[in-house]
Amino acid sequence: MIGLMRVRAWAAAVLLILSTVVASAQEPAPAIDAPSANDLHEFTRLLADDRIQNWLQEQANDAEAAAPQNIKSIREQLAEATDHVGARVADLSAAWASFSEAPEVIAQKWREQLTPDRRVRSLTFALIFLFFGAGLEWLSRQYTNPLRRRIEFSTFKRPRERLFAALTRTALAFVGLTMFAIGSIGAFSTIDWPPLLRTLILAALVGILSVRAINSLTKLFLAPRVPQLRLLPVGDKMARVTGQAIMFFSAMVIFAVSLIDVFDQLTTSDVQGRMAPETLSVAVLFAVLLLVAALLLIAICFAQARKHSDALSDRSMARWRIHLSLLSALVFVTWLFDVRALMWTVLSIGLAIPILKLLRAWTDMTFDQVIADFRAKAERAAPPAEASELADAVIEEEESADPAPIIDPYETYRPIAQRLIRFAMFIALGLTLALIWNAGIFENSENPTVAQRLFSILIDSAAAVLIADLIWTWGKSSIDRRLAAYKPPEDGQAPGPEARMATLLPLLRVVLMVTLLSMVVMSVLSSMGVNIAPILAGASVMGIAIGFGAQSLVKDVVSGIFFLVDDAFRVGEYVEIDQLRGTVEKISIRSLQIRHHRGAVHTLPFGELKSMTNYSRDWVIMKLEFRVPFDTDLQLVKKIVKKVGAELKANEHYGDSILDTLKSQGVRRMEEFNMVVGVKFMTRPGEQWLVRRDAYQKVRDAFEANGIRMAERNVKVEIAGDQPLTEEERKAVTAAAQDAITQPVTPGVVPDEP
Amino acid sequence: MNQAKGPRSGLIVRTMRIWSGLFLLIFVTSHLLNLSLGVFSLEAMDAARPYLSEIWASPMLGPLLLSALVIHFFLGLWAIYRRPTLRTNPQDLVQLLSGVIVVPLLATHAIGVASLKINGVTFDYAAATRFFWLAQPQIGLLQVVLLSVVWVHGCAGLFTWLRSKESMRNMLGWIYPIAVAVPVLALLGFAEAGRGVLVDAQAAQRASTQAYSAPTVTAEAPRPAAPAVQRVAYQTVKTATSQVIWWSLALAALTFVARSVKLALQPTQVVLLKHGDAQPITTQSNLSILDSFKQNHQPHASLCEGRGRCGTCAVRIVSSEFPLPEPTALEMKTLRRIGAAEDVRLACQLTPSGGFLEVDPLYPADYSFKDKDFEKPELVSNPAEVPA
């Protein structure tokens with residue numbers, strides 16, 4: 001059976017496709033022939049006709065005249081608005097006059113349109129649809145309930161989880177609502193209805209649906225029953241009262257609007273779509289009721305807030321109360337005079353302010369929670385090492401916890417998050433206002449109206465300012481964070497690599513601010529229609545002039561930035577630049593000051609630096625030489641050097657700085673009269689001199705103790721024969737030897753050292 | 001295990017309530033299935049009528065049905081009378097109120113049909129549809145309300161019963177769609193049949209105005225009444241109906257009044273109740289522990305909504321200032337079934353007499369029997385006792 005149906009469906013689909021194909025193929029089928037000679041003659045005759053020519057001329061003139069009429073001057077627009085309000089006032093007075101008859105008129109129309117039987121039957125149908133919707137929703141709820149209950153009953157520590165849970169809960173509610181809508185409105189739309197019944201039943205269904213949707217949204221933010229899923233920082237009682245107030249008011253509004261809609265359809269007779277006075281009078285009555293209800297609910301809510309919550313001071317609470325009450329009154333007045341655009345503007349701006357505040361409070365709360373959570377976690381992670389120790393250890397820990405507070409990574413993101421939310425809020429508000437005023441900012445019209453121009457300027461400037469603000473906040477907070485993390489080195493200690501950031505970042509901050517400021521000013525000016533090309537040109541001419549004049553200065557600064565980025569030197573390091581040596585004492589943005597170990601201070605602009613040698617990086621190898629006679633026991637030397645190396649390493653002052661302790665490298669070379677034994681060691685920069693001093697001393701002492709003599713320069717005079725020398729001969733030999741000794745010996749290069 | 005036997009009345013009442021309710025629900029289902037045939041045609045409805053609807057009016061089933069209805073109604077009133085609080089969960093409240101208004105709603109339909117049957121008038125679906133949609137649309141509307149209320153009440157009872165049955169945990173997912181499909185189809189059948197009747201009536205009206213250009217004749221369906229021999233007068237039926245309606249409403253009102261009088265007269269003590277790690281709550285001594293939790297929005301597991309059936313509301317008594325009342329037979333039965341230890345009681349059945357009481361929940365608040373497939377909670381101190 002099903003198979004047969006499927007085949008039929010397929011066949012129908014194929015037929016449908018075929019028919020459309022055939023239809024579309026048939027359309028171009030009759031080929032268009034070229035106009036016949038007769039037609040052309042006729043056409044030329046017509047063109048030559050004066051009447052036709054006149055008509056064409058008029059059409060063209062009309063089109064010309066019609067174009068500028070679309071743009072109304074402000075005066076005309078104002079006049080139009082005044083007329084509109086005047087008409088509304090007349091309508092209102094008519095409504096006032098017909099107020100007493102209104103119920104009768106509406107009831108009569110109602111009776112005309114619907115017989116009692118029909119009314120009851122439509123109610124039956126509406127009830128059936130509601131049952132369908134409710135049944136479907138109940139069904140979907142049975143499957144989603146376990147998840148919902150799990151969400152409601154479990155505890156969420158982290159704000160992200162909490163937000164996710166709250167959103168899931170609302171999504172589940174909306175799934176149910178969607179099922180309800182599908183069931184009720186779907187069943188409703190399968191039947192053709194007379195127009196009035198259609199409006200009536202649809203208004204009822206949509207009304208129920210929207211009240212429930214608003215309820216679900218309220219629950220998302222307030223969650224009166226489940227405090228841990230509440231997004232807004234309010235207490236249990238407050239959440240319940242506010243939720244009920246919002247719910248009640250929205251239900252009233254929706255009920256009133258749908259009822260007026262139905263009445264309007266009942267009573268409207270004229271084509272212009274203006275409300276009949278009777279309906280208008282009922283609508284005004286409803287509006288007054290709504291205003292009273294709004295004021296009452298605001299009063300109740302704030303009375304409850306005063307009783308149950310102490311988040312706000314009395315003064316600010318009173319201010320908010322006045323704000324909301326005034327807003328309701330303003331909305332009512334603007335509605336009364338039918339200035340719809342103004343009404344929506346007032347409403348959206350008036351609601352945006354408290355929403356902004358609430359969002360701000362919410363971000364603050366979220367960040368506070370995250371930070372508290374992080375703190376707790378960090379504190380839990382820190383103590384275990386000392387946890388087992390005794391009470392005094394705990395006291396110690398407390399003491400140590402105070403000077404070094406745990407720095408959480410979130411605090412700096414707080415302003416960014418707040419700016420982002422504000423940014424999104426402003427954009428949403430701007431778009432809403434644009435839609436309200438029907439400014440058509442999305443259309444690229446040739447002749448924009450005043451409102452369009454105003455909106456485009458406002459939106460452009462606001463966007464520029466907001467984006468610049470966002471970037472500035474982000475940049476400033478991250479720079480400040482880096483700067484705050486930087487600790488200036490204590491006296492006598494070499495600064496770490498972050499020291500150069502302390503030089504660079506303030507500069508970067510200033511550059512960022514100037515750039516953003518100039519960009520914002522430019523874009524605001526350009527959106528206002530000011531031609532910024534001359535400003536740009538002037539700025540660039542100035543830039544070039546200054547650039548030429550301060551060429552070397554610019555060169556210094558720029559190359560300085562790159563030296564700093566390269567991390568070529570830091571304060572306190574011993575460097576050599578060309579012929580100058582010394583310790584880096586000060587780094588400014590243009591120049592570098594180094595102090596020679598004998599006290600002289602050299603100042604070097606960065607632009608002058610070609611290359612530099614840094615003696616203070618990571619490690620230093622020092623090589624020493626000892627001259628020993630040829631008959632020295634090299635094994636013994638090696639042993640002694642090893643022992644001395646161990647002693648040096650064990651030294652309490654500099655032992656830690658020795659990376660590779662003293663060791664013998666064996667005989668490095670042979671000289672005329674002695675062997676050269678090489679030793680070397682590796683230390684941290686700056687420590688090598690001290691180690692060398694001790695190494696020399698210890699090795700010499702050890703050699704002496706072990707009977708190893710240092711080689712001395714001596715002259716051996718070999719005399720043939722073995723007769724004793726005469727005094728004369730001895731003198732001659734001494735003189736000859738003296739020559740050899742006094743031969744100028746160039747000493748090795750003595751390194752220039754501090 | 002404590003062998004003390006409390007009063008058995010609670011157990012008997014509960015059993016009678018569920019079985020009479022189930023019997024009534026089966027009848028309603030069969031009747032609705034008959035109605036749902038209206039999706040196809042009136043003839044289909046009438047063809048199935050002897051098997052799905054009339055069988056319930058047979059000499060054996062008819063009295064049984066009537067007595068089940070009466071018993072169920074009175075047991076419901078008794079339950080209302082016994083309730084210490086009406087503020088529990090929404091489903092319970094819906095079940096209670098729908099139970100109260102079923103009888104008044106049903107009276108017109110049931111007595112009307114019965115009287116027609118006694119009078120020997122055939123009241124088939126064709127006649128019924130015309131009556132409900134053309135002649136008396138307000139009674140038709142009443143039928144839709146009745147159907148919704150009866151079905152909601154029946155389902156509320158059925159599903160709280162099923163949910164408390166551990167063996168049903170995998171079946172429930174299949175029963176839910178049926179529970180929606182039956183009334184929806186029935187309403188569809190009702191609406192479809194009604195639409196057919198309305199279209200026919202309109203066509204007839206148009207034909208009559210065209211043919212005779214007569215003044216507007218309301219499309220009045222032939223009244224199913226007016227038989228040749230009236231054994232029961234129309235007036236009698238009307239009186240009986242209104243009497244049933246008023247008496248049932250009066251009984252319900254009386255129950256509520258009696259309940260509030262009883263509550264007002266009952267001396268109550270203040271109970272300080274501590275639940276697990278939560279803050280202690282202050283309640284009255286006439287509330288069961290479960291009701292106290294619900295009133296204070298303290299989440300607590302209970303699958304059968306406090307009927308002492310499922311055992312998921314079980315709590316371990318940590319400390320109690322005064323001795324607690326002995327468990328009734330109903331509570332004992334469930335406790336024995338779940339194999340609970342000495343210090344475990346059912347929160348829905350335990351009504352402390354006052355003072356401070358600290359309890360520990362055995363199940364998480366969002367527990368359902370489905371969870372057993374994933375993890376077994378540490379229910380009892382001696383798990384060897386758990387029967388299959």
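Ala166(A), Thr170(A), Ala173(A), Phe174(A), Leu177(A), Phe180(A), Ala181(A), Ser184(A), Ile185(A) and Phe188(A) of helix α7(A) meet a row of residues in helix α8(A): Ile201(A), Leu202(A), Leu205(A), Leu209(A), Arg212(A), Ala213(A), Ser216(A), Lys219(A) and Leu220(A). Contact here means C-beta atoms, placed from the backbone, within 7 Å. The residues of this contact divide into 14 nonpolar, three polar and two charged. Nonpolar covers Ala, Val, Leu, Ile, Met, Phe, Trp, Tyr, Cys and Pro; charged covers Asp, Glu, Lys and Arg; the others, Gly among them, are polar.

The model is predicted: local features need pLDDT of at least 70, side-chain atom pairs count only at pLDDT 80 or more, and totals for chains, interfaces and linings use all residues. Residues are numbered from 1 along each chain as its sequence is written, with chains lettered from A and ligands numbered from 1 in the order in which they are written.

**The α7/α8 pair**

Two packed helices are described by the angle between their axes and the distance between the axes. Helix α7 (residues 159-189) and helix α8 (residues 195-222) of chain A pack at about 175°, with their axes 9 Å apart. That makes α7(A) roughly antiparallel to α8(A). The cut-offs are under 35 degrees for roughly parallel, over 145 for roughly antiparallel, 65 to 115 for roughly perpendicular, and oblique for the rest. Axes are lines fitted to C-alpha atoms, for helices over the stretch in contact, and angles run from 0 to 180 degrees between N-to-C directions. Helices (H or I, at least four residues) and strands (E, at least two) are DSSP runs, numbered from the N terminus.

**Helix α2 and Ala90**

Helix α2 (residues 37-48) of chain A has twelve residues, which at 1.5 Å a residue should span 16 Å; the end C-alpha atoms are 17 Å apart, in agreement. The expected span is 1.5 Å times one less than the number of residues. Of the twelve residues of α2(A), zero are buried, so the helix lies largely in the open. A residue is buried if 20 or more other C-beta atoms lie within 10 Å of its own, exposed if 12 or fewer, and partly exposed in between.

Ala90(A) sits in helix α4 (residues 74-97) of chain A. Ala90(A) is exposed, with 11 other C-beta atoms within 10 Å. Its C-alpha atom is 10.0 Å from that of Pro277(A), 187 residues apart along the chain.

**The five-stranded sheet**

Five strands of chain A form an open antiparallel sheet in the order β4-β3-β2-β1-β5. Strands pair if DSSP finds at least two bridges between them. The edges are β4 (601-605) and β5 (613-614) of chain A; each has a single partner strand, so one side of each is left without a neighbour in the sheet. Inside the sheet, four bridges join β2 (residues 580-587) to β3 (residues 591-595) of chain A, and the two run antiparallel. Val584(A) has Ile594(A) in β3(A) as its bridge partner.

**Two positive phi values**

Most residues other than glycine have a negative phi. Two aspartates of chain A carry positive values.

| Residue | Phi | Loop between | C-beta atoms within 10 Å |
|---|---|---|---|
| Asp338(A) | near 60° | α11 (314-336) and α12 (340-381) of chain A | 17, partly exposed |
| Asp578(A) | near 50° | β1 (574-577) and β2 of chain A | 13, partly exposed |

**The three-stranded sheet and its helices**

Three strands of chain A form an open antiparallel sheet in the order β6-β8-β7. Its edge strands, β6 (620-628) and β7 (658-670) of chain A, each pair on one side only. Neighbouring strands are turned by 20° against each other on average, direction ignored. Seven bridges join β7(A) to β8 (residues 675-683) of chain A, which run antiparallel. Lys663(A) has Lys680(A) in β8(A) as its bridge partner.

Helix α20 (residues 634-649) of chain A lies across β6, β7 and β8 of chain A, running at about 160° to β7(A). Helix α21 (residues 688-705) of chain A also packs on the sheet, touching β6, β7 and β8 of chain A, and its direction makes about 20° with that of β6(A).

**Chain B and its contact with chain A**

Chain B has ten helices and five strands. Buried residues make up 32% of its 388 residues. Of the contacts in chain B with a separation of 6 or more, 75% join residues 24 or more positions apart.

The contact takes 22 residues from chain B and 20 residues from chain A. Helices α6 (137-163) and α7 (172-212) of chain B each supply at least two residues of the side that touches chain A. That side of chain B divides into 15 nonpolar, five polar and two charged residues.

Note on methods:
Two residues are in contact if their C-beta atoms, placed from the backbone, lie within 7 Å.
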